[in-house]
Structures are given as C-alpha cells and as structure tokens.
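I pulled this one up to go through it at the bench, a page at a time. My notes follow, in the order I looked things up.

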Amino acid sequence: MRLRDVQAAALTEIGLYGGLFAPIGVGFGKTLISLLAPHMIPCDRPLLLLPAQLREVTVSKYCKELSEHWHIPSPFCD
C-alpha cells in the first residue's frame with residue numbers, strides 16, 4: 001500500500017510545520033493522514049477528534065484495514 005500524493009504532501013507539511021490545515025476532498029485519504037500524523041509530530045498522547053457517528057467505523061473498519069499496512073499509534077486502534 002502506498003500513500004497518495006495528497007497524503008504524502010499533507011504528512012510532509014505536518015512534519016515541517018507541526019500541523020496542517022488543508023481542505024482535502026472526500027475520498028482523498030484524510031483518515032490515514034490523521035492516523036499517521038502522530039508519527040510526524042513527536043507526541044506522547046495523540047488525540048483524534050471526530051464526529052460520534054464516525055468513531056465506530058474508524059476504529060472497527062479503518063484501524064483494522066490500515067494497521068495491516070501501516071503502524072497506527074496505539075491509542076487510536078486499541
């Protein structure tokens with residue numbers, strides 16, 4: 001599995017500037033960006049804020065699928 005160009009650019013910006021504001025469209029990989037962002041910013045306790053209705057699908061579906069290919073930080077996918 002490879003990062004899309006927009007994902008790679010977003011993670012690079014997060015690493016360079018310590019954060020990101022980017023109007024990234026639907027289906028361009030924002031979930032993976034948000035789950036990998038703690039690798040780009042040294043932090044002990046990452047926090048992912050999202051709407052309540054997205055929590056279950058993010059944890060159950062995306063974390064399982066994405067953690068097969070990527071190292072997702074522990075608090076997100078426990």
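**Surface and charges**

I started with the outside: the protein chain exposes about 5,800 Å², and carbon and sulfur atoms supply 57% of that. Areas here come from the Shrake-Rupley method with a 1.4 Å probe, and for residues only the protein chains shown count as cover.

Note to self on the source: this is a predicted model, where local features need pLDDT of at least 70 and side-chain atom pairs count only at pLDDT 80 or more, while totals for chains, interfaces and linings use all residues. Residues are numbered from 1 along each chain as its sequence is written, and side-chain values use heavy atoms, with hydrogens and water left out.

Next I checked the charges. The 7 positive and 7 negative charges of the protein chain have mean positions 5 Å apart. Lys and Arg count as positive and Asp and Glu as negative, with His and the chain ends not counted; each charge is placed at NZ of Lys, CZ of Arg, CG of Asp or CD of Glu.

**Fold**

I looked up the secondary structure and found three helices and zero strands in the protein chain. Helices (H or I, at least four residues) and strands (E, at least two) are DSSP runs, numbered from the N terminus. Along the sequence the pattern reads α-α-α. The radius of gyration of the protein chain is 12 Å, close to the 12 Å that the globule rule gives for 78 residues, so the chain is as compact as a globular protein of that length. That radius is taken over C-alpha atoms, and the rule is 2.2 Å times the number of residues to the power 0.38. I also noted that the C-alpha trace spans about 30 × 30 × 25 Å along its principal axes.

Then contacts, meaning heavy atoms within 4.5 Å. Among those between residues at least 6 apart in sequence, 60% join residues at least 24 apart.

**Core**

How much of the protein chain is buried? Buried residues make up 26% of the 78, with buried meaning under 20% relative accessible area, exposed over 50%, and partly exposed in between (1.4 Å probe, protein chains only).

I then went for the largest nonpolar core, which has 13 residues. Such a core is a set of buried Ala, Val, Leu, Ile, Met, Phe, Trp, Tyr and Cys residues joined through side-chain atoms within 4.5 Å. L32, I33, L36, L66, W70 and I72 have the most contacts inside this core. α1 (5-17), α2 (30-40) and α3 (52-67) are the elements giving two or more residues to it, and α2 gives the largest share, five residues.

So to α2 itself: L32, I33, L35, L36, A37 and P38 are buried there. The cover over the buried residues of α2 includes α1 and α3. Leaving aside neighbours within four places in sequence, L32 is in contact with L3, Q7, L66, W70 and I72.

**Three spot checks**

A37 sits in helix α2 and counts as buried at 15% relative accessibility. Not counting residues up to four places away in sequence, A37 touches L11 and I14.

G15 is in helix α1 and is partly exposed, with a relative accessible area of 37%. G15 and A37 are 22 residues apart in sequence and 8.1 Å apart in space, C-alpha to C-alpha.

Last one: is Q53 buried or exposed? Q53, in helix α3, counts as exposed at 66% relative accessibility. I also took its distance to H71: the two are 18 residues apart in sequence and 24 Å apart in space, C-alpha to C-alpha.
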